[in-house]
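User: I have a structure open and a list of terms I half understand. Can you take me through what makes each term apply here?

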Amino acid sequence: MEKAIRITGIESAIAYLQLIAHVFVLSKCGKFAVVSNACKRCGGVGRISTFSYVEDGICFECDGVNTENSTKMVPIVQYARAQKSKEAARLRRLEKAAAANARHEQREQARAAKLESLKQAARDASKHLGTVGKREVFEIKVKKVLEFDGYYGSTWLHICETNSGSVVIYKTGSRLDVREGATIRVKATVSEHTERDGVAQTVIKRAKLTHTLIGGK
Ligand SMILES: [Zn+2]
């Protein structure tokens, strides 16, 4: 919208500054902006307190002259053009930040959607196996073995999966003699059918390793 005004003279300069709601002081003659001419380094006070150990903190920029209330007259056209380029830079920064934000948001959404679809695939694939209380043969891949230390010694949690994606959990005080990644055949009793995050889990007990089909890592 600001770009609609081209600053060609005093009138359009003032119109532009009003358009962007820029607060400034116009000189009595109407041709200048009256702006502070205070030393930028010390703010016009002439001394910098954090440097008070060097020559009493006198500002090297203004040699300690108090310029707090000093003003200068900047031709209004020049002043408005400077404000315009500042405003343009500010808008560019805002646009850049908004674009970066949008990209970030998009990536997050894609990541969440992918995670959700993986979870859904796991939910769809996993089925309860066997009959609770019965001994069955399972052909499973040992995906992860977790060890937990307790008062009575270690407990191992074997997280396994059939080749059709059904999750089988085996918790025991004695680790199966297999590596992670191994595909094995066990004979075990179905302890219970549970669910975790919507994924059906078949919990087994008293598993006896009968075959190691693929050795794993
Ligand atoms: Zn100064």
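Analyst: Yes. Start with a helix. On the other side of α1 from its buried residues, E11 and Q18 are exposed. One caution: this is a predicted model.

User: Which residues of helix α1 are buried, and what makes a residue count as buried?

Analyst: The cut-off is 20 or more other C-beta atoms within 10 Å of the residue's own. In α1, residues 10-19, A13, Y16 and L17 are buried. Exposed residues such as E11 and Q18 have 12 or fewer such neighbours.

User: Why are the buried residues said to be on the same side of α1?

Analyst: They cover an arc of only 95 degrees around the axis, so they sit on the same side of α1. There is a general reason behind such patterns. An α-helix has 3.6 residues a turn, so residues three or four places apart point the same way.

User: What do the buried residues of α1 pack against?

Analyst: They pack against α2, residues 76-125. Just after α1 comes A21, with a positive phi of about 55 degrees.

User: How many helices and strands does the chain have, and in what pattern?

Analyst: There are 2 helices and 8 strands. Along the sequence the pattern reads α-β-β-β-α-β-β-β-β-β.

User: Why is the chain called more spread out than a compact globule?

Analyst: Set the value against the rule. The globule rule gives 17 Å for 217 residues, and the radius of gyration of the chain is 38 Å, well over that, so the chain is more spread out than a compact globule. The C-alpha trace spans about 100 × 55 × 25 Å along its principal axes. Buried residues make up 15% of the 217 residues.

User: Where are the domains, and what separation lies between their centres?

Analyst: The domain assignment gives domain 1 as 2-94 and domain 2 as 135-214. Their centres, taken over C-alpha atoms, are 74 Å apart.

User: What makes a set of residues a nonpolar core, and which residues have the most contacts inside the largest one?

Analyst: The members must be buried, must belong to a list that includes Val and Ile, and must be joined through C-beta atoms within 7 Å. The largest such core here has 15 residues, and I140, V168 and I204 have the most contacts inside it. At least two residues each come from β4 (135-150), β6 (167-172), β7 (183-196) and β8 (199-214). The largest share, 4 residues, is from β7. Apart from this core lies another, of 9 residues, including I7, A13, L17 and V77.

User: Which residues is I140 in contact with, and how do you know?

Analyst: Contact requires C-beta atoms within 7 Å. Leaving aside neighbours within four places in sequence, I140 meets this with C160, E161, T162, V168, I184 and V186.

User: How do you know that β7 and β8 pair?

Analyst: Pairing needs at least two bridges. β7 and β8 have 12, in the antiparallel sense, so they pass the cut-off. One example is T189, whose bridge partner in β8 is K205. These two strands also form a hairpin with 2 residues between them, and D197 in the turn has a positive phi of about 50 degrees.

User: Which strand pairs with β8 in the parallel sense?

Analyst: That is β6, over 4 bridges. Y170 stands opposite I204 in β8.

User: What are the pairings of β4?

Analyst: β4 pairs with β7 in the antiparallel sense over 7 bridges. Here E136 stands opposite A188 in β7. β4 also pairs with β5, residues 153-161, in the antiparallel sense over 9 bridges. There K141 stands opposite E161. β4 and β5 form a hairpin with 2 residues between them.

User: What makes β1 and β3 edge strands?

Analyst: Each pairs on one side only. They belong to an open sheet of 3 strands in the order β1-β2-β3, with antiparallel pairing. β1 is joined to β2 (residues 32-36) by 2 bridges. That meets the cut-off of at least two, so β1 and β2 count as paired. In β2, A33 is the bridge partner of L26.

How values were computed. Residues numbered from 1 in each chain as written. Predicted model: local features only at pLDDT ≥ 70, side-chain atom pairs only at ≥ 80, totals over all residues. Domains from an automatic or database assignment. Contact = placed C-beta atoms within 7 Å. Arc of directions from axis to C-beta. Rg over C-alpha atoms; globule rule 2.2 N^0.38 Å.
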